[in-house]
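Q: I would like to learn how to read a structure feature by feature, moving from the pairing of strands to cores and salt bridges. Could we take one as a worked example?

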Amino acid sequence: MKNKKIAIVYGGPSSEAEVSKRTSFAVFNALKGLGYQVEEIEFSRDIPFQLRQKNIDIVYNAMHGRYGEDGSLQGVLEVLDISYTHSGVLASAVAMNKVLTKELVQRHGVNLASGRIYTREDLLPENIQLPVVVKPVSQGSSVGVVILKTRDDFKNLQLTDQNEFLVEEYIEGRELSVAVLDNEGLGVIEIRPKTGVYDYESKYTKGASEYICPAPVPEKIYNIAIDYAVTAHTMLGCKGVTRSDIIYSEKREKLYFLEINTHPGMTESSLVPKIAAYRGIDFKELVEKILFTANVGV
C-alpha cells in the first residue's frame, strides 16, 4: 500500500472543522513517519477535481460533522471510485442522525434515555419536564449540547442553527466511551470532566478532564458497554473505527447509550488512541489499521 497516493481530507464548513484539522495533522505525521506517500487536502467544493488532478488512490477521511461525517464526501468518493476510510454512505448518514440511530439500536436491546424531538419554536420551559439534555439532531464533538436543570437556564440558552433538537432525560452518572475497530470492542474508558460536564471545552482543553482506562466499573457493566458499542457499530453497518458514548448510572445500576461517532477524533490525546494504547496499539499502528480498512462500495 505504500506505493499508493494517500490524501487526508480535512476541514469543511461545519463547526467541527478545527477538530478535523487537529486529526489531520496527527494522522499525516503518523503516516509520513511510516513511509507512506501522503498529503493533506482541505475540503472545498472542487474536491473531486483536486483528487483526480493529484491521482489520489486512497482518501483518509479526517473530516468531522457536515459533509465529511454525514455520507456526503463518501458519496463523492463512491462516484469517483476512490477507496476511503471509515463508514460508508448509508451508515454515515444514519449515524449522524441521533434519532434514527437510537431507533435502530433500541430494537436490538440497547438501553436509552427517554426523549423526543422538539423544534426550535417548541423548546420552551412550559413544554419540558426538567432536568434534560438538549442536543442538535445532527452534530458531533458535543457541539451545541446543553444541560437544562432549572427554568432560569432557559434565559441563557444558546442553540445551534439547526431547527430540530433531541431533548432527553438528564441522567446523572459516569461518562464512558467505547472504541470499536473492525467490529471488535477495544475497551472502555471513563471520562471525569473537572467541571462535571463533558462538553466541547472539557473535550479539547488540555487538563480539563481526567481519563481512566480501563474504566473502573463492575465487569458486568464493562461487558455490557462493549456489547452496546459493538451492536451499534454492526447494526448501522459501520466499518473501520467508531466510538460510542454511554452513561453509567450507579444509582440505577444501568447503562444508557448516548450516541455513536463514526469519525472519532484521532489526535494522540483523543479517546480512541487512549483506548487503543491500553490494548497495546500505539498511535501509528492504530492509524495504519484504520488505513487498511479503506475501500469503496460499502
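A: Let us begin with a single pair of residues: in this predicted model, Tyr10 stands opposite Glu42 in β2. The pair belongs to strand β1 (residues 5-10) and β2, which run in the parallel sense and are joined over six bridges.

Q: What is the order of the strands in the open sheet, and which are the edge strands?

A: The general idea is that strands of a sheet pair through backbone hydrogen bonds, either parallel or antiparallel. Here the four strands of the open sheet follow the order β2-β1-β3-β4, with parallel pairing. At the edges are β2 (37-42) and β4 (83-84), each of which pairs on one side only.

Q: In what sense do β9 and β10 pair, and over how many bridges?

A: The pairing of β9 and β10 is antiparallel and extends over seven bridges, with Leu181 opposite Glu184 in β10. The two strands form a hairpin with two residues between them, and Asp182 in that turn has a positive phi of about 55°. β10 also pairs with β11, again in the antiparallel sense, over four bridges, and there Pro193 stands opposite Ser209 in β11.

Q: How many of the 10 residues of β10 are buried?

A: Eight of the 10 residues of β10 are buried, so this strand is largely enclosed by the rest of the structure.

Q: Which residues of helix α8 are buried, and what covers them?

A: The general idea is that an α-helix has 3.6 residues a turn, so residues three or four places apart point the same way. In α8 (residues 271-278), the buried residues are Leu271, Val272, Pro273, Ile275 and Ala276. Their cover includes β9 (174-181), β10 (184-193), β11 (209-212), β12 (241-249) and α9 (283-292). After α8 comes Gly280, whose phi is positive, near 85°.

Q: Which residues have the most contacts inside the largest nonpolar core, and where does this core lie relative to the domains?

A: In soluble globular proteins, nonpolar side chains tend to be buried together. The largest nonpolar core in this model has 31 residues, and those with the most contacts inside it are Ile8, Leu31, Tyr60, Met266, Leu286 and Val287. At least two residues of this core come from each of β1, α1 (17-33), β3 (58-61), β9, β10, α8 and α9. Domain 1 (5-85) and domain 2 (95-111 + 173-262) both give residues to this core, so it lies between them. Apart from this core lies another, of 27 residues, among them Ile221, Ala229, Leu236 and Tyr248.

Q: With what is Tyr60 in contact, leaving aside its neighbours within four places in sequence?

A: With those neighbours left aside, the contacts of Tyr60 include Ile8, Leu31, Met266 and Val287, and also His86.

Q: Is His86 buried or exposed, and how does Glu253 compare in backbone and accessibility?

A: His86 is buried, with a relative accessible area of 2%, and is found in the loop between β4 and α4 (89-96). Its phi is near 70°, a positive value in a residue other than glycine. Glu253, in the loop between β12 and β13 (254-261), likewise has a positive phi, near 55°, but Glu253 is exposed, with a relative accessible area of 62%.

Q: Where are cis peptide bonds found?

A: The angle to inspect is omega. The peptide bond from Leu130 to Pro131 is cis, with omega near 0°, and Pro131 lies in the loop between β5 (115-119) and β6 (132-136). The bond from Cys213 to Pro214 is also cis, with omega near 5°, and Pro214 lies in the loop between β11 and α7 (219-235).

Q: How many salt bridges does the structure hold, and which parts of the chain does the pair of Arg279 and Glu184 link?

A: The structure holds 10 salt bridges. In the one between Arg279 and Glu184, the closest N and O atoms are 2.9 Å apart. This pair links distant parts of the chain, with Arg279 in the loop between α8 and α9 and Glu184 in strand β10, 95 residues apart. Arg279 is partly exposed, at a relative accessible area of 39%, and Glu184 is partly exposed as well, at 39%.

Q: Is Glu190 buried or exposed, and which residues are linked with it in a network of salt bridges?

A: Glu190 counts as buried, at 3% relative accessibility. Glu190 forms a salt bridge with Arg192, with the closest N and O atoms 3.2 Å apart, and Arg192 counts as partly exposed at 35% relative accessibility. The network links Arg174, Glu190, Arg192 and Glu250.

How values were computed
Residues numbered from 1 in each chain as written. Predicted model: local features only at pLDDT ≥ 70, side-chain atom pairs only at ≥ 80, totals over all residues. Heavy atoms only, no water. Buried < 20%, exposed > 50% of the residue type's maximum accessible area, 1.4 Å probe, protein only. Contact = heavy atoms within 4.5 Å. Pairing = 2+ DSSP bridges. Core = buried A, V, L, I, M, F, W, Y, C linked by side-chain atoms within 4.5 Å. Domains from an automatic or database assignment. Salt bridge = Lys/Arg side-chain N within 4 Å of Asp/Glu carboxyl O.
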